[in-house]
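Student: Please give me a close look at a single chain of this structure. I should like a connected account, with the criteria behind each term stated.

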Amino acid sequence: MNATLFTLLLEGAAITAALSTVSVLLGFALGALVCAAQMARPRALRAFGATYVSFFRGVPLLVQLLLIYNLLPGLGINVPGTVAALVGLTLCTAAYQAEILRGGFQSVPPGLIEAGQMVGLSPALILLRIRIPLALRLTLPSVVNEAVLILKASSLVSVVGIADLTRTAQNIASSTYRPIEAFATARALYLALNAVLIGGGGLLSRRMVHGR
Amino acid sequence: MNAALLWDSLPSVAAGFGVTMLMWLPGLALALALGLVFALLRQYGGRGVDAALGLVLAAVRGTPFLIQLFLLYYGGPLVGIDLDATSAGLLGLAVYGGAYYAEIMRGGFAAVPRGHLEAAVMAGLSRAQTLRRILLPEMALLILPAAVNMAVVLMKETAVLSIITVPELTMVITGIGSSTFAFTEAAFLLALTYWALTEATGVAGRFVERRMAQVRLA
């Protein structure tokens, strides 16, 4: 693999990294909303949250991407392919992150919430000072795990023509007739990105546990 | 709405559904078998095998399924592995699923209570007997929820096989979409079909889990 082609792959890797990072962050925000809906009192909100999670976890991401690609223009929304891919990844990861957050909130020991009530904290303060910080700390490893899955799943945006790492490798494979070098190098880059993600996640969770 | 167009293509949709099933279920069975082989090799193969296999499997789990399919389908023929799309898809699913099942089963083996193994030694069971009578059944019970979850993941991964031209559901329905211009309806139909399938698998999985919980108490 010569230097020019490798640089192309690195550019693809940068797009993959950017797409996954943005969608995991946006997905966290949306996932928090979906999680709030699932834990809310009104039955309609709960039903919405449960259906959202079930649909986006039950349908293959590839199919979701195809749906969004065809649906958005049909609704008269014409956005660049990158935006559509970002929307698809975000909607999907939000469902997984909502489930992760819900698990986190459920694992907060009830004794701590009761202790908060005993010292006279308002429900809002209990949420802000006890439930949210603890839930975040408990869910961090799963969120990192989800980020790894999204990084891998983002390879599917290549199908709708985004020049991510996978698409670039495909282009190189077909123009040089050397698929093994192209795909093996792309694979190594995915592994490197994941290693960075897992390493960073480990660092962050150690900070969060010992930081206070 | 072009639902009528889709209705006309029902036979080919059914054929695509059949191919999806023929990819998923045998792929799942192969993945479980491979996963068990990997897990046993890591458990009993010595430290070197454990470390080497651990690295290889982590690399499989750490890279997109699509890249592995490309490597196998387009790269394979250059090293003498000349498979048609369907076989490459099946093998790819088996290896990808196997790497995950190996990890799930390793966790299951580690979670078998030590006391049960000590009891097996005390009762004079041989190593092979302990494996067959204690370790394997207990591991199978322990991993059931994770194994069902992974089966659903593999079902969804079969959609990716359309990219290497396996004529499964996604490929058939998107093909109908482009020949009739009913893209959105086709994508909806596709999403609903997968949704129903994954929900049904989840329901079946929970049913088996409940039955097994009773077995365990007995």
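Tutor: The answer below takes up chain B, then its contact with chain A.

This is a predicted model, in which local features require a pLDDT of at least 70 and side-chain atom pairs count only at pLDDT 80 or more, whereas totals for chains, interfaces and linings use all residues. Residues are numbered from 1 along each chain as its sequence is written, while chains are lettered from A and ligands numbered from 1 in the order in which they are written.

The model scores ipTM 0.87 and pTM 0.89. For chain B, the mean pLDDT (the predictor's confidence in each residue, from 0 to 100) is 89, with 96% of residues at 70 or more. Within chain B, helix 1 (residues 3-8) has the lowest confidence, a mean of 68, and helix 5 (residues 85-111) the highest, at 94.

Chain B contains nine helices and zero strands; here helices (H or I, at least four residues) and strands (E, at least two) are DSSP runs, numbered from the N terminus. The C-alpha atoms of chain B fill a box of roughly 70 × 45 × 25 Å along the principal axes. Of its 218 residues, 39% are buried. A residue is buried if 20 or more other C-beta atoms lie within 10 Å of its own, exposed if 12 or fewer, and partly exposed in between, with C-beta atoms placed from the backbone. Two residues are in contact if their C-beta atoms, likewise placed from the backbone, lie within 7 Å. Among contacts in chain B with a separation of 6 or more, 75% join residues 24 or more positions apart.

Helix 7 of chain B (residues 127-157) deserves particular attention. Its 31 residues leave the end C-alpha atoms only 37 Å apart, short of the 45 Å that a straight helix would reach at 1.5 Å a residue; the expected span is 1.5 Å times one less than the number of residues. This helix bends by about 60° at B:Leu144, and B:Pro145, a proline, follows within four residues. The bend is the angle between axes fitted to the seven residues ending at a position and the seven starting there. Buried residues of helix 7 of chain B include B:Leu135, B:Met139, B:Ile143 and B:Ala147.

In the loop between helix 7 and helix 8 (169-180) of chain B lies B:Thr165, which has a positive phi of about 65° although it is not a glycine. B:Thr165 counts as partly exposed, because 14 C-beta neighbours lie inside 10 Å.

Turning to the partner, the contact takes 29 residues from chain A and 27 residues from chain B. Helix 8 of chain A supplies the largest share of the chain A side, nine residues. That side has 18 nonpolar, nine polar and two charged residues, where Ala, Val, Leu, Ile, Met, Phe, Trp, Tyr, Cys and Pro count as nonpolar, Asp, Glu, Lys and Arg as charged, and the others, Gly among them, as polar. Leaving aside neighbours within four places in sequence, A:Val63 is in contact with residues including B:Ala159, B:Thr170 and B:Tyr194.

A:Val63 and B:Leu69 are also among the residues that touch the most other members of the largest nonpolar core, which has 109 residues. Such a core is a set of buried Ala, Val, Leu, Ile, Met, Phe, Trp, Tyr and Cys residues joined through C-beta atoms within 7 Å.
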